[in-house]
Amino acid sequence: MSAFVSIVHPYACHLFTDQAVWNGADQTLIDIRSKVTVSANRVAVITQGDAELGSEVSGEICARADALGPASVLTDLQSYADALRERLGDIEPPRGLHVLVTGMLPVLGGAHRHFFTYTARDRRAYQVINPDASVYWAGSRFKAEDIEKFGLGRRPTENDAAFNRRLGLDILNIMRFRAGRSQENGPLDIWCVGGNIDLTTIFASRAIVETHECWNDQIGEKIDPFRGMSRAERRRIERLVA
């Protein structure tokens, strides 16, 4: 998993993800596919890190959601994370996971929670975090102040749904043109956001998955967001997203 943007609102959850699956050793694109797991009870899970382990964890969380309901899984995600730690122990990158779960809660509406399988300065391994903000993202370098810098705030003509949709797509598009950091090869800048953008929208009664932004990335090659652009166009975009 390269990048995601999660936006929650009282009426819905919006989860934007890219579809690039790439080889961590040499950054070659090996597949383009949807990577969000959605339960029958409308809980969505996305992971960053080892694809096989992430798929296993996503499936387990969705099975819990179907058995216990979305509210139980979201409000008691810590018990699952604790049990997972007992089973797997701390797992460092590149195999380590970042797990995000989103769904609808009674009364409160959209909610998201996440945890990592490894410790960092500001969190413990397997500590479930409830983001303070309704917008949470992970992936290539993007900062909260970039929302103001790029003029991504709400426009006068936008309702909530239109604003959330545009904001998520804009953030992922900016991430695409900003180099990320390879966990396997140390301090190596790479382009890691690619394929297409999936938008998973969860309402109280249904979940919808749509595909947006079909980028010109080729399986078997490294992701290159500037492929097909003139040198002048590349320089213009590089200055824009700097």
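Q: Through how many residues does a hairpin join β1 to β2?

A: Let me say first that this model is predicted. The hairpin that joins β1 to β2 passes through two residues. The two strands run antiparallel, and six bridges join them. For one matched pair, look at Val 5, which stands opposite Phe 16 in β2.

Q: Which other strand does β1 pair with over four bridges?

A: That partner is strand β9, residues 135–138, and the pairing is again in the antiparallel sense. To find the pairing in the model, start from Ser 6 and look for Tyr 136, its bridge partner in β9.

Q: Which way do the residues of β1 point, and are they buried or exposed?

A: Here is the general idea: in a regular strand the side chains alternate between the two faces of the sheet. In β1, Phe 4, Ser 6 and Val 8 point one way, while Val 5, Ile 7 and His 9 point the other way. Every one of these residues is buried, and the strand, residues 4–9, is described as mostly covered, with six of its six residues buried.

Q: How many residues of strand β12 are buried, and what follows from that?

A: Six of the six residues in β12 (197–202) are buried, so the strand is largely enclosed by the rest of the structure. The alternation can be read here too: Ile 197, Leu 199 and Thr 201 lie on one side, with Asp 198, Thr 200 and Ile 202 on the other.

Q: Over how many bridges do β2 and β12 pair, and how many join β12 to β13?

A: β2 and β12 pair over six bridges in the antiparallel sense; Leu 15 has Thr 200 of β12 as its bridge partner. Six bridges also join β12 to β13 (residues 207–212), and these strands run antiparallel. There, the bridge partner of Thr 201 is Ile 208. Four residues lie between β12 and β13 in the hairpin they form.

Q: Which four strands form an open sheet, and in what order?

A: The order is β5-β6-β7-β8, with antiparallel pairing. The edges are β5 and β8; each has a single partner strand, so one side of each is left without a neighbour in the sheet. Further in, β6 and β7 pair over six bridges, and Gln 48 stands opposite His 98 in β7.

Q: Which residues of helix α1 are buried?

A: The general idea for a helix comes first. An α-helix has 3.6 residues a turn, so residues three or four places apart point the same way. In α1 the buried residues are Leu 53, Gly 54, Val 57, Ser 58, Ile 61, Cys 62 and Ala 65. Seen down the helix axis, they fall within an arc of 165 degrees, so they line one face of α1. The face turned away from that buried side carries the exposed residues Glu 52 and Ala 67.

Q: What covers the buried residues of α1?

A: The cover includes β5, β6, α2, α3 and β7.

Q: How many residues does α1 have, and what is found at its ends?

A: α1 covers residues 51–68, which is 18 residues, and reaches 25 Å from its first C-alpha to its last, close to the 26 Å expected. At the N-terminal end, Asp 50 acts as a cap: one of its side-chain oxygens lies 3.3 Å from the backbone nitrogen of Glu 52. Following the helix is Gly 69, with a positive phi near 100 degrees.

Q: Which residues touch the most other members of the largest nonpolar core?

A: They are Val 57, Ile 61, Val 99, Val 101 and Phe 115, in a core of 23 residues. The elements giving two or more residues to this core are β6, α1, α2, α3, β7 and β8, and α1 gives the most, with five. Leaving out residues up to four places away in sequence, Val 57 touches Tyr 80, Leu 84, Leu 97 and Val 99. Another core, of 22 residues, lies apart from this one; Phe 16, Val 135, Trp 137 and Leu 172 are among its members.

Q: Where is Gln 19 found, and is this residue buried or exposed?

A: Gln 19 is in the loop between β2 and β3. With a relative accessible area of 6%, under the 20% cut-off, this residue counts as buried. Its side chain makes a polar contact with the side chain of Asn 196 at 2.7 Å. Beyond its neighbours within four places in sequence, the contacts of Gln 19 include Asp 31, Arg 33, Gly 194 and Thr 211.

How values were computed. Residues numbered from 1 in each chain as written. Predicted model: local features only at pLDDT ≥ 70, side-chain atom pairs only at ≥ 80, totals over all residues. Heavy atoms only, no water. Expected span 1.5 Å × (residues − 1). Buried < 20%, exposed > 50% of the residue type's maximum accessible area, 1.4 Å probe, protein only. Arc of directions from axis to C-beta. Contact = heavy atoms within 4.5 Å. Polar contact = N/O pair within 3.5 Å; in protein donor to acceptor, adjacent residues only side chain to side chain. Pairing = 2+ DSSP bridges. Core = buried A, V, L, I, M, F, W, Y, C linked by side-chain atoms within 4.5 Å.
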